[in-house]
Amino acid sequence: MRASVAADIRSIFNCQDLPSALARLKTLVDAYAKSAPKLSAWMEENIPQGLAVFALPDAHQRRMRTSNAIERVNQELKRRTRVASLFPNEASLLRLISALLCEISEDWLTGKIYLNMNPADLPLN
């Protein structure tokens with residue numbers, strides 16, 4: 001049932017606008033009410049929080065509704081901490097993680113623009 005539930009939830013976020021996403025959510029909540037009542041209640045309570053992405057401009061919706069950026073940061077942190085493997089204390093781990101996050105932040109500020117939040121008619125500074 002996991003694959004079908006995942007596809008159904010994905011179909012909500014693939015809707016064109018908020019009203020159609022809410023209509024699709026209501027349809028799915030009703031469909032799962034008898035076969036999976038806990039899932040139905042969870043969907044009704046939690047999925048509307050994720051629909052805030054529909055308030056963003058169309059160009060930003062897809063990138064903001066996925067967790068690719070966060071997953072990439074976590075993957076990089078895991079890769080870099082695996083090399084050291086043992087840390088003498090918690091402070092040393094925090095120093096390494098802080099340095100890595102600062103480096104990633106600098107790359108995001110100076111590198112390729114993932115999301116251009118400037119209006120289309122204004123040039124980038």
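Let's start at helix α6, whose buried residues are covered by elements that include α5 (68-84). Keep in mind as you look that this is a predicted model.

Which residues of α6 are buried? They are Ser 92, Leu 100 and Ile 104. These residues cover an arc of only 105° around the axis, so they sit on the same side of α6. An α-helix has 3.6 residues a turn, so residues three or four places apart point the same way. Turn to the other side of α6 and you will find exposed residues: Glu 90, Arg 95, Glu 106, Trp 108, Leu 109 and Thr 110.

The length of α6 can be checked too. The helix runs over residues 90-110, and at 1.5 Å a residue its 21 residues should span 30 Å; the end C-alpha atoms are 30 Å apart, which agrees. At the N-terminal end of α6, Asn 89 acts as a cap, with a side-chain oxygen 3.3 Å from the backbone nitrogen of Ala 91.

Now move to the largest nonpolar core, which has 15 residues. Those touching the most other members are Ile 12, Ala 21, Leu 25, Tyr 32, Met 43, Ile 47 and Leu 51. Two or more residues each come from α1 (2-13), α2 (18-35) and α3 (37-50), and α2 gives the largest share, five residues. Follow Leu 51 for a closer view: leaving aside residues up to four places away in sequence, Leu 51 touches Ile 12, Phe 13, Leu 18, Ala 21, Leu 22 and Leu 25.

Finally, a word on cysteines. The structure holds zero disulfides. Cys 15 counts as buried because its relative accessibility is 17%, while Cys 102, at 45%, is partly exposed.

Technical notes. Residues are numbered from 1 along each chain as its sequence is written. This is a predicted model: local features need pLDDT of at least 70, side-chain atom pairs count only at pLDDT 80 or more; totals for chains, interfaces and linings use all residues. Side-chain values use heavy atoms; hydrogens and water are left out. A disulfide is a pair of cysteine sulfur atoms within 2.5 Å. Buried means under 20% relative accessible area, exposed over 50%, partly exposed in between (1.4 Å probe, protein chains only). A nonpolar core is a set of buried Ala, Val, Leu, Ile, Met, Phe, Trp, Tyr and Cys residues joined through side-chain atoms within 4.5 Å. Helices (H or I, at least four residues) and strands (E, at least two) are DSSP runs, numbered from the N terminus. Contact means heavy atoms within 4.5 Å. The expected span of a helix is 1.5 Å times one less than its number of residues. The arc is that of the directions from the helix axis to the C-beta atoms. A polar contact is a pair of N or O atoms within 3.5 Å; within protein, one must be able to donate a hydrogen and the other to accept it, and residues adjacent in sequence count only if both atoms are side-chain atoms.
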